[in-house]
Structure formats: structure tokens, C-alpha cells
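Reader: I have a structure open in front of me and would like to learn how to read the features inside it. Could we go through them one at a time?

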Amino acid sequence: MTLEQKAAQLVQIPYAQIGREKSEEWARRGVGSFLHVFGEDAKHLQKIAIESGAKIPLLFGIDAVHGHCLNRKATIFPTQLSMACAFDPELIKRVAQAAAKEISADGLHQTFSPVLCLGRDIRWGRVDETFGEDPYLAGILGAAMVEGYQGEDNAADTSVIACAKHYIGYGEATGARDSYDTSITYRKIKDTFLPPFEKAVKAGCASVMTAYGSIDGTPCTADKKLLKEILKEQLGFDGFVVTDWQNVSHLIGEQCVAENAKEASRLALESGNDMMMNAPEFYVAIIDLVRSGEADEKLLDEAVERILTVKMRFGLFDNPFRQADEKYLGCEEHLELNKEIARESTVLLKNDGILPLTGKNKILVVGPSADDIRCNYGDWTYFSHPLPDYDTQPVRPYVTLLEGVQELAKKHDCSVQYVKGCEINGEIAGGIKQAVKAAKKADVIVFACGDNILLAAEGCDRADVRLPKPQRELFTALCNTGKSIVTALICTKPLCIPEIDEHSAAVLTNFNSGMFGGRALAEAIFGEINPSGKLPISFPYHVGQQPCYYNQLPGWHCRSYVDMPETSLYSFGHGLSYTSFAYSDILFDEKTLTLKVSVKNTGKREGAETVQVYFRDLASSVMTPVKRLIAFRKVQLKAGDSQELTFTFTRDDFSFVNANEERVTEPGEFELMVGGSSADSDLIKKKFTIGMAPKSWTDQ
Ligand code: NOJ
């Protein structure tokens, strides 16, 4: 390859932004990759690429983060945060397999998914894209997604390249303002933020995207230690690193660590980035730098090798036009899977006994989220950026909450009236009055509220994470009617809703649960399904409590606020059922590190429970979290049945990263906690000791 051809391989060009003609030029030049191009347009560019210069096939990337949702024909699955509520890696793997088939049906090769950032501050606009706040859960679900996307045979027509993003610490930005600096240490990175990426790398993830942000003043794209030392050398990542959108030029104008394109390009290459997203300036700069001897061509070779190896591994050289059958787009099987995951992701947050609804009820469905499917979809669909024509009409099939309630009401002999009441963040003339009038005639109110992508998305962080004022006013007016309210929260992420919790008879959510999220909520309301979802993220009472994730380091002197508890409204792992579960007989074998525990369905209905296992290191050389999730398992139990569960651990499972940035398991006393949520009141506990490592083990 010539120097120009090598330089071009490292560039990823945005088709939708630069258009067909310029894209053709880049294809002729031998550019490595395009993003945001579909079907026939992609084929056209591929034809040019394989007939030009070094004849290397193009790689096409797309943001298909919860299904191939930028394509109107595709299945729109729940967002990662929503899917995480199912606590079911196998199910999530199946969703990723389905998404991969739909992505490759469009002739595309790479999806910028999964997101492995942690959602620990709900002010951040991209919490919906995460698997929530816990590193263990995010890692397990992320690895499952990687396996699903990439398949066993990477070169199969139905496999796509996964991209673990955003590396790293993106969700921790100061003030939860997207891309602001993150003040965390490398010890913390290795202890808390790296494990999900480590699991994805172990699962074979073939690409990783650098974050927009910076760690303690060093932009992630310019951080050699992060990219070369930790990711490539220590974790053994053998795929390619792609920057986020224009991260090379951000080093100049936004992050101000480089003066010009040459400096930024050299910094990006030397730090360990292999592919530069939307960085045409990199091409010119790096050729100049190598020619003048200011950059080492070897670095270019290394990056090219990583990119070409992945292209080869995924069969692009054998078949540059590899494409799965178009029949997969939005097919029946995927729609059924979509229903399944929406049901499994439905979380019952509160229930005073009103649910499931019984009897002949006159139901009033009210609220701005009840009949607008955009509220169920969240970000990164054909309604949102990065496509220019995003504000379009919804395409069937889908079922809103109102439609779901209407359909099931017939079967349950109930009547339904609907009043919108207000907009997500705006008033409707007379809306509240109309809702109150209708409420007076109803037996029960289903209040559908939440946010939408104008309030939470990339570039939409919020300082106030309450329900918008018009919705709060509508809720207050409904409360004043004295009728029972069932609140269905259709939101991108947790909101601060203490008043909703206090004054609703029941509260349930499945966040942005895709095409059939509304239907799943309706099924839960009528008891057609028994909700079993659990929260992958805590709900604070108030924004001032942020962050309030469950696995904090121990606090002591002044634990809570004068005006607010330190605990959350709904804690990580919380989720009720129409039956109840009891835990007993906790046993731990210190030799084999095996835990046994029994769980019993003590209610009158069959149900599923996600058994969660946490641990705490009771004395360690640096402070460690008050609890950490180390295992979970979902069990289905008939009324009255019980099951003994066995979990086997390794010493590593009880490790943390010490002050020298080494992962260690320190001998001593530990505590195991088992139950149905992370709240102390839901856990039974058992202390145990880990001894010195056996000689043979330390010698290794
Ligand atoms: C910016 C986002 O941060 C990233 O998640 C996405 O994959 C790229 N743009 C490409 O659209």
C-alpha cells in the first residue's frame, strides 16, 4: 500500500453529512470506512472502492444501538437501560443477534454498540444508552451483546462488528455535562469503569470507541496510557480503536491540547487510535507528517494492520458485498422477541394492591406519554439525529400504552376514556380541566407521564430531573379528584418523582421499551403478565442527591442531608411482583467459595425473581464499596415452590484495585448479601473469611 492508501484506511467518513459526490471521491481514494450510509448507496461506494487503488473493501458503520432503528423498516427494540431491567444476558444476546441480522440486511458491517459507560448521574442525557449504574451488570450484558452481534462465525452474512463505547469515564463528566472533564484516577478507572470493557474484550469485541471527554485533563483520544497500555497491552484488545465523531479536531478547538490539525493528528495516532471518525483533515496531515519525518510510518502500519485484520476476520475481503437477507428487517420473529423483552423489562415500582386491576372498571387513561410512540422509543431511532429528515411520522407496527389498555379492556370488561391533558413539556388549552372532568367519572386513572428526546438525549443534559411542570400540575389536579392513580412512567431514565410515588396507588415503568413497551405495561396493569423486571439504576428523591448509586464507598460523619435522606427512592435491583419471595438457608463454603441459598415463592401466583448476590470486603487496604453485585440469576417459581440456588465464585470475584493500580483479593473477612434488591431491608447476610492464597496460586 502507498502512504496515501494507508492514511486513507484510517479515516471514517460520514456519508449523510458530506453527500454522494464527495463520498465517491473518498471511496476512490481508498478510505477505510463510512458511517451512516444504507443499502444501495453503500453498495455503490463499495463497488468504487474495490475497483480503485489498493482494492480494499470498505467497512460500513451505523448507530444501531437498540436495533437497526435509523431504518424505518427495522425492529425498534428497548434501549439498553430498558433491556437491562430484564437482568437476562441470554435474552439480550438474542436481541443483539436479531439486530445484527437487520443491520447486515442493509449491507452494513459495524454497529456502534454496546454502550459500556455507567449511568450514575441521571442529569446526563445519555443514561438511557447505558445498562445502568453497575459495572458487573453492564459487563455481563455488554459481553452478551457483543457475542450476539458478532456471532460464532464472524464472517457469516448475519454477523456485525460490535463497538464497545465510550472508552472511558464518559458518564462521570463534571456536572453530568456531556464531554466535560472527568475527575477520576486510573485506580478508579481500573476498579470501576474498566471491568465492563474488559468483559467485552474477552468476548471478542472487535472495535472500541474513545469517549468525547477527558480524564483529569487528558482527552481520551490523546491518552496513550488508556489506549495503548491499558486497552491494547494489558487487556490484550486486538481489534481497532475508532475515535468518536471529530475527536481529532476536538483536540484543537474544544479541548485545546493541540494547535493545529497536524499536531492533533499526530497526537491521535501516537496515542493509539486506529480509525478517525469524521476526520478528513487527518488524511492530509498524517501524509505530511510522515513525509517530513515528524510521524513514524510504523504507527500507521500498525493501525492499518488492525483495521485490515478486522475486515478480514469479518469476511469483507471474501465478500465485500456480504449482506443478510432483507426478509430479516422487522420480521415476525424479531417482533415477537421484541414483545418478550419488553415484558421481561417491565418493573413494578410500587403497588398498594390495586394492581393487577380486577373488576369492571371505568378507566381514564391520561397523560402525554399515553399515545405517542416516540416516548417509548428514546434516542437513536429514525425520529432522532443523525439523519437529516428525522422528524417523521411513526411507522407501524407498534402499540402505545393507550392502545394496549384499550385492547385489553375489552377482554376484561372495562371501559376506557382518554384525555391527553398536557404535552410532555407544555400546556394544552383546557387540558387539565378536561382531564379532571373525565377523572370524576372514572374508577381508576392510568397516568402516563415521563420525558422524551427533547429532554434527554446526546446533547440534552438536564439540571432539573423532575417531571416537567405541566405534567406535575396535571398530576396534582388528578390527585385532587381523590381517584386511585396508577402511574405508568414512560421515560428515558429515572426521574425525581417522590410525589408520584407518594400519591399513586401503583407505579410501573419499562423506560423506553420499543414498539411494544406500551403493550407490555398494559399487560402488567391487567395482570396478563406478572412483572419481574428489576431496576439497573437507582431513582433519587431529588436531583441534589446525585450521584446516589448503590455501590458507593462508605460514608460516615454526616451520612445524609439535613433535608434529604442519602438513600434513593427506589434502589438498584428493586422491582416488585404480584407474588412475593422469601430467602433463607444461606450457606457459604469457604474452601470452594460456594454459596447456597433458598428462595421461595410465598405468594399465590407464579412469578420470576432475580436473585441478586452482593458482597462487601470488610477491611481492605483502600476503601471499597458498601456492596457490589457479583452474581444474579432469574428463577421462575410456581406459587408455594422453592428452589435452592448454588453460586460458585473465584477469589478474583472478591477483588478490587489497590493503590498501586493492581487488582488484588486481600485475605480477611467478607460479607455476602443475597436478596431481591440492593436495599439492606431486602437482603440476608452471611460473613465469611478468605484465607491467604494457596502457595501454588501465588507462585503462578
Ligand atoms: C457521537 C456519539 O457520541 C457516538 O455514540 C456515536 O456512535 C457517534 N457520534 C456516531 O454517530
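Author: Let us begin with enclosed spaces, keeping in mind that this is a predicted model. A cavity is a set of grid points where a 1.4 Å probe fits but cannot get out, and a residue counts as lining it if one of its atoms lies within 4 Å of such a point. In this structure, Gln5, Gln9, Ala27, Gly30, Ala49, Ser52, Gly53, Ala54, Lys55 and Ile56 line the second largest cavity, which holds about 60 Å³ of space.

Reader: What classes of residue make up the lining of that second largest cavity?

Author: The idea is to sort the lining residues by class, with Gly placed among the polar ones. Sorted in this way, the second largest cavity is lined by 4 nonpolar, 5 polar and 1 charged residues.

Reader: How many cavities of 30 Å³ or more are there, and what volume does the largest cavity have?

Author: The count comes to 6 cavities of 30 Å³ or more, and the largest cavity has a volume of about 70 Å³. Its lining includes Gly39, Ala42, Lys43 and Gln46, together with residues from further along the chain such as Asp106, His109 and Arg322. Helix H3, which spans residues 39–51, gives the largest share of this lining, with 4 residues, and by class the lining of the largest cavity has 4 nonpolar, 5 polar and 3 charged residues.

Reader: Which residues come nearest to the ligand?

Author: For a bound molecule, one looks for residues with a heavy atom within 4 Å of it. Here there are 14 residues around the ligand, and those that come nearest are Asp63, Arg126, Lys165, His166 and Asp244. The shell divides into 7 nonpolar, 2 polar and 5 charged residues.

Reader: Where do polar side-chain atoms lie relative to the oxygen atoms of the ligand, taking His166 as a case?

Author: A polar contact is a pair of N or O atoms within 3.5 Å. In the side chain of His166, an N or O atom is 2.7 Å from an oxygen atom of the ligand, while for Asp244 the corresponding distance is 2.5 Å. The ligand taken alone exposes 290 Å², and the protein buries 97% of that.

Reader: How many salt bridges does the structure hold?

Author: A salt bridge pairs a side-chain nitrogen of Lys or Arg with a carboxyl oxygen of Asp or Glu within 4 Å. The structure holds 36 of them. One of these joins Asp41 to Arg20, with the closest N and O atoms 3.2 Å apart; this pair links distant parts of the chain, since Asp41 is in helix H3 and Arg20 is in helix H2, 21 residues apart.

Definitions and conventions
Residues numbered from 1 in each chain as written. Predicted model: local features only at pLDDT ≥ 70, side-chain atom pairs only at ≥ 80, totals over all residues. Heavy atoms only, no water. 1 Å grid on protein atoms, 1.4 Å probe; cavity = no way out; pocket = protein on both sides within 12 Å on 5 of 7 lines; lining within 4 Å. Points joined across faces, edges and corners; volume = space filled by probe spheres on them. Helix = DSSP H or I, 4+ residues; strand = E, 2+ residues; numbered from the N terminus. Polar contact = N/O pair within 3.5 Å; in protein donor to acceptor, adjacent residues only side chain to side chain. Areas by Shrake-Rupley, 256 points an atom, 1.4 Å probe, with all protein chains shown as cover.
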